[in-house]
Amino acid sequence: MNRTTLKVAGESGMGLLSVGKIVAQVLKQMGFYVHSDREYPSLIKGGHSNLQIDFGLSPIHSLSRDVDLVIALDRAGLLEYIDVIKKGGVLVHGYERHELIKDLHDRAKKRDIKLVYLPAHSIARSLGGSDVMVNMVLLGLMWRIFGFKLECLEAPIRKQFAKKPDLLKIDLDCVHAGYDAKGLGKVPQYKISLPKTKPKTLMMDGNMGIALGA
């Protein structure tokens, strides 16, 4: 697999940016080429949005329209982005009332999409966290599906939440809980080739590029 595309979808304020920053940093450190973008709703506060990350062994100059894996942090993300997943792709979610969505499994079956549900809200709360930490639980599960070592995530998470030491341990516990989750049946597994060398690249957004140019 030369390129893998993932999308994290949820309401603004659910930690999309935190997850995206952590994942992009780790993938770059592993030696992948990374291209990422965040969609912002036209609202001052709230609204639904998503963050997409494309990574692979060759330079990536634009985002893919088709997605391999979606992490849905809420019901809207679950319903809206199931149709952008490639045939045979994976949808990871933590929406605890998913059984009330009558056509969810039919839509997934029609396109051979594998649904992976984890009670992320309950897990986060049981570890002393809040609903926002659903993002960390599902991040751990996603990392397991990709077949990557969990240790790669720990240093960037510690860096991301260094100014919130009281929450850092809970965030780490949530990631471990998602990665080690039991009772999921046969979890889908991607076979992603790891880079043999690390390209000499910089990771930056438009704001950083303008500053460096100046």
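**View 1. Helix α6 passes helix α7 in a right-handed crossing.** The contact is built by residues from both helices. From α6 come L153, E154, I157 and R158. From α7 come L168, D171, L172, V175 and H176. This is a predicted model. Two packed helices are described by the angle between their axes and the distance between the axes. Here the axes come within 10 Å. They cross at roughly 155°. An angle over 145 degrees counts as roughly antiparallel. α6 and α7 are therefore roughly antiparallel to each other.

**View 2. Helix α7 spans residues 165-179.** The helix has 15 residues. From its first C-alpha to its last it reaches 22 Å, close to the 21 Å expected at 1.5 Å a residue. Which residues of α7 are buried? They are L168, I170, D171, L172, C174, V175 and G178. These buried residues pack against α4 (120-126), α5 (134-146) and α6 (151-160).

**View 3. Cysteines C152 and C174 lie 19 Å apart, sulfur to sulfur.** The structure holds 0 disulfides. For C152, the nearest cysteine sulfur is that of C174, 19 Å away. A disulfide is a covalent bond between the sulfur atoms of two cysteines. Why is C174 in no such bond with C152? Their sulfurs are 19 Å apart, too far for a bond. Is each cysteine buried or exposed? C174 counts as buried, because its relative accessibility is 0%. C152 counts as partly exposed, because its relative accessibility is 29%.

**View 4. Helix α5 is largely enclosed by the rest of the structure.** How many of its residues are buried? The count is 12 of the 13. The list runs V134, N135, M136, V137, L138, L139, G140, L141, M142, W143, I145 and F146. The helix reaches 19 Å from its first C-alpha to its last. That is close to the 18 Å expected at 1.5 Å a residue. G147 follows α5. The phi of G147 is positive, near 80°.

**View 5. Residue D112 has a positive phi.** Its value is near 55°, in a residue other than glycine. Most residues other than glycine have a negative phi. Where is D112? It lies in the loop between α3 (104-110) and β6 (114-117). D112 is partly exposed, with a relative accessible area of 41%.

**View 6. Residue L78 is buried in helix α2.** The helix covers residues 75-80. L78 has a relative accessible area of 0%, so it counts as buried. What does L78 touch, leaving aside residues up to four places away in sequence? Its contacts are A72, L91, H93, Y95, H98, I101 and L104. G94 is 16 residues from L78 in sequence. In space, their C-alpha atoms are 9.1 Å apart.

**View 7. Residue L212 is exposed.** L212 sits in helix α8, which covers residues 206-213. Its relative accessible area is 60%, so L212 counts as exposed. D106 is 106 residues from L212 along the chain. The C-alpha atoms of L212 and D106 are separated by 50 Å.

Notes: Residues numbered from 1 in each chain as written. Predicted model: local features only at pLDDT ≥ 70, side-chain atom pairs only at ≥ 80, totals over all residues. Heavy atoms only, no water. Helix = DSSP H or I, 4+ residues; strand = E, 2+ residues; numbered from the N terminus. Expected span 1.5 Å × (residues − 1). Buried < 20%, exposed > 50% of the residue type's maximum accessible area, 1.4 Å probe, protein only. Contact = heavy atoms within 4.5 Å. Disulfide = S-S within 2.5 Å. Axes fitted to C-alpha atoms, helices over the stretch in contact; angles between N-to-C directions. Parallel < 35°, antiparallel > 145°, perpendicular 65-115°, else oblique. Left-handed = near helix turned anticlockwise from the far one by under 90°.
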